[in-house]
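Trainee: I would like to go through the labels attached to this model and learn what justifies each of them. May I put my questions to you in turn?

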Amino acid sequence: MTTGIPTVNDTVCLFYEPAVICCVAGFAAYDLKKKRVPDRALVFSCPLFLAAPLFHCRFLFSAQALLPMLGLSLAGMAAGFFVLLTAALISHDGAGIGGGDIKLAALMGFAYGPYRLMAVLLIAAFLAGCFALVLQSRKKDLPLCLPFVPFLATGSLIVTAATLF
C-alpha cells in the first residue's frame with residue numbers, strides 16, 4: 001500500500017521536484033520582501049503544479065495510471081486549501097495566514113499529494129512556531145508578523161530531500 005503520491009527516482013522526477021521547490025522558493029523570497037503572494041505569479045505557476053500527476057505516473061496516458069494520481073493530487077489540493085483556510089479563519093483579527101498562502105498550499109498539495117503536503121505543513125508550522133518564539137522572546141511588546149511561505153519552502157525542501165534520497 002502506498003501513502004501519498006509515490007516518488008520515482010528517475011530523471012523526470014529529479015527535474016520536476018527541484019522545479020517545484022524553486023518555484024516555491026521564488027514565492028518565499030517575494031513573501032519575505034513584500035509580505036504577500038501575488039495572484040498573477042500563482043496563475044503563471046499553475047501549469048508546473050498541475051502537471052504533477054503526469055510526472056508522477058511517468059507520462060503514461062492511461063486512465064488506469066492517471067486517475068489514481070489525479071485523485072491523490074485533488075485530495076492534496078483540498079487538504080492544503082482547507083488546512084490553511086481553517087488557520088486563517090481562526091486567527092485573531094485576520095492576522096496570520098493570508099489568501100496567497102492558502103492558494104499556494106493548495107497548489108503545493110496538488111503537486112505533493114495529501115500525505116507529503118501534511119508533512120510539509122507540519123514542518124512549516126513547527127519551524128514558524130520556533131522562529132516566532134525566538135522573536136517574541138527578544139521583542140516582547142511588538143506584534144509579531146511572519147511570512148509563512150519561507151517556512152513552506154523549507155518544509156518542501158526537507159520532505160522532497162527525504163523522499164528522493
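**Labels and their grounds**

Mentor: Let us begin with the overall fold. The model is a predicted one, and its secondary structure consists of six helices and zero strands. Read from the N terminus, the order of elements is α-α-α-α-α-α. Of its 165 residues, 41% count as buried. The accessible surface is about 9200 Å², and carbon and sulfur atoms contribute 72% of that surface.

Trainee: What share of the contacts between residues at least 6 apart in sequence joins residues at least 24 apart?

Mentor: That share is 75%.

Trainee: How do you know that Arg116 and Glu17 form a salt bridge?

Mentor: The closest N and O atoms of Arg116 and Glu17 are 3.2 Å apart. The criterion asks for a side-chain nitrogen of Lys or Arg within 4 Å of a carboxyl oxygen of Asp or Glu, so the pair qualifies. Arg116 belongs to helix α5 (residues 99-138) and Glu17 to helix α1 (residues 11-34), with their positions 99 residues apart in the chain, so the bridge links distant parts of the chain.

Trainee: Why are Arg116 and Glu17 called buried?

Mentor: The label applies under 20% relative accessible area. Arg116 has 7% and therefore counts as buried. Glu17, at 1%, is buried by that criterion as well.

Trainee: How many salt bridges does the whole structure contain?

Mentor: A search of the whole structure finds two. Besides the pair just discussed, the side chains of Lys103 and Asp39 meet in a salt bridge, at 2.6 Å from N to O. This pair also links distant parts of the chain, since Lys103 is in helix α5 and Asp39 in helix α2 (residues 39-50), 64 residues apart. As for exposure, Lys103 has a relative accessible area of 37% and Asp39 has 41%. Partly exposed covers the values between 20% and 50%, so this label fits Lys103 and Asp39.

Trainee: What makes Asp101 a buried residue without a salt bridge?

Mentor: Asp101 lies in helix α5. Its nearest side chain of opposite charge is that of Lys103, 10.0 Å away. A salt bridge needs a separation within 4 Å, so Asp101 has none with Lys103. Leaving aside residues up to four places away in sequence, Asp101 touches Asp31, Val37, Leu84, Phe148 and Val149.

Trainee: How do you know that Cys46 has no disulfide partner?

Mentor: The closest cysteine sulfur to that of Cys46 is in Cys23, at 9.3 Å. A disulfide requires sulfur atoms within 2.5 Å, so the separation is too far for a bond. The search of the whole structure finds zero disulfides. Cys46 is partly exposed, with a relative accessible area of 21%. Cys145 has 54%, and because exposed means over 50%, Cys145 is called exposed.

Trainee: Why can Leu70 be counted in a nonpolar surface patch?

Mentor: Membership requires over 30% relative accessible area. Leu70, in helix α4 (residues 63-90), has 32%, so it passes that cut-off. The patch is formed by Leu67, Leu70 and Leu74, which together have about 260 Å² of accessible area.

Trainee: Is Met69 classed as buried or exposed?

Mentor: Met69, also found in helix α4, has a relative accessible area of 12%, and this is under 20%, so Met69 is buried. Met69 and Cys57 are twelve residues apart in sequence, with their C-alpha atoms 7.0 Å apart in space.

Trainee: Why is Leu32 called exposed?

Mentor: The relative accessible area of Leu32 is 52%, which is over 50%, so the label exposed follows. Leu32 is found in helix α1. Not counting residues up to four places away in sequence, Leu32 touches Pro147 and Pro150. The C-alpha atoms of Leu32 and Val149 are separated by 8.1 Å, although these residues are 117 apart along the chain.

Trainee: What makes the phi of Lys35 worth listing?

Mentor: Phi of Lys35 is near 60°, a positive value in a residue other than glycine. Most residues other than glycine have a negative phi. Lys35 is placed in the loop between α1 and α2. With a relative accessible area of 48%, Lys35 falls between 20% and 50% and is therefore partly exposed.

Methods. Residues are numbered from 1 along each chain as its sequence is written. This is a predicted model: local features need pLDDT of at least 70, side-chain atom pairs count only at pLDDT 80 or more; totals for chains, interfaces and linings use all residues. Side-chain values use heavy atoms; hydrogens and water are left out. Helices (H or I, at least four residues) and strands (E, at least two) are DSSP runs, numbered from the N terminus. Buried means under 20% relative accessible area, exposed over 50%, partly exposed in between (1.4 Å probe, protein chains only). Contact means heavy atoms within 4.5 Å. Accessible areas come from the Shrake-Rupley method with a 1.4 Å probe; for residues, only the protein chains shown count as cover. Lys and Arg count as positive and Asp and Glu as negative; His and the chain ends are not counted. Patches are made of residues with over 30% relative accessible area and no salt bridge: like charges are joined within 9 Å, nonpolar side chains (Val, Leu, Ile, Met, Phe, Trp, Tyr) within 5 Å.
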